[in-house]
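Work through the exercises below with the sequence and the structure in view. Each task is followed by a solution that goes step by step.

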Amino acid sequence: MMKMATVNNPAARVRNYDTKGLLGVKSKYEEDTYKNGHTQVWGSYWHPHFGWGYRCCYSFDHSSKCLGDAQKKQTIKREYEYELEVNK
Ligand SMILES: [Zn+2]
């Protein structure tokens, strides 16, 4: 009964199709990864309170444009202010 369910699972068939097409979509995926001018992937930067961000600009906003060092300064200030608040 378990085996039947696996064979007839439409999701399993879709997964097989995706595997065959993987090389074709790889370049598109990489463009998506480095969107909005970021040179590092989302999740390359982490803060225990603010969560995931981009290491290239320390932005925690997934949909933000990369502002480089200007954004880094803002984030460092924000993190410093957070530390002060926590350690009061
Ligand atoms: Zn960036």
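**Exercise 1: the strands**

A hairpin joins S1 to S2 through three residues. This is a predicted model, in which local features need pLDDT of at least 70 and side-chain atom pairs count only at pLDDT 80 or more, while totals for chains, interfaces and linings use all residues. Residues are numbered from 1 along each chain as its sequence is written.

Task: describe in which sense S1 and S2 pair, and find the bridge partner of Trp42.

Solution. Begin with the elements, where helices (H or I, at least four residues) and strands (E, at least two) are DSSP runs numbered from the N terminus. The chain has four helices and two strands, and from the N terminus on these elements run α-α-α-β-β-α. Next, recall that two strands pair if DSSP finds at least two bridges between them. Strand S1 (residues 42-47) and S2 pair in the antiparallel sense, over four bridges. Finally, look at single positions: Trp42 has Tyr54 in S2 as its bridge partner, and His47 stands opposite Gly51 in S2.

**Exercise 2: the loop before H4**

Task: locate Gly68 and decide whether Gly68 is buried, exposed or partly exposed.

Solution. Gly68 is found in the loop between strand S2 (51-54) and helix H4 (69-86). A residue counts as buried if 20 or more other C-beta atoms, placed from the backbone, lie within 10 Å of its own, as exposed if 12 or fewer do, and as partly exposed in between. Gly68 is partly exposed, because 14 other C-beta atoms lie within 10 Å. Turning to its partners, two residues are in contact if their C-beta atoms, placed from the backbone, lie within 7 Å. Leaving aside neighbours within four places in sequence, Gly68 is in contact with Cys56 and Cys57. The C-alpha atoms of Gly68 and Cys56 are separated by 6.1 Å, although these residues are twelve residues apart along the chain. Cys57 in turn touches several residues beyond four places in sequence, among them His38, Gly68 and Gln71.

**Exercise 3: core and backbone**

Task: name the residues of the largest nonpolar core, then compare the settings of Tyr58 and Asn36.

Solution. A nonpolar core is a set of buried Ala, Val, Leu, Ile, Met, Phe, Trp, Tyr and Cys residues joined through C-beta atoms within 7 Å. The largest one has five residues, namely Tyr45, Tyr54, Cys56, Cys57 and Tyr58. Tyr58 lies in the loop between S2 and H4 and is buried, because 22 other C-beta atoms lie within 10 Å. Asn36, in the loop between helix H3 (22-33) and S1, is partly exposed, because 15 other C-beta atoms lie within 10 Å. Tyr58 has a positive phi near 55 degrees, and Asn36 has a positive phi of about 60 degrees, although Asn36 is not a glycine.

**Exercise 4: confidence**

Task: find which element has the lowest mean pLDDT and which the highest.

Solution. The pLDDT is the predictor's confidence in each residue, from 0 to 100. Helix H2 (residues 10-20) has the lowest mean pLDDT among the elements, 51, and H4 has the highest, 97. Over residues 20-25 the pLDDT is below 50, and this stretch has zero contacts in the model beyond near neighbours in sequence. Where pLDDT is low, the predicted coordinates should not be read in detail.
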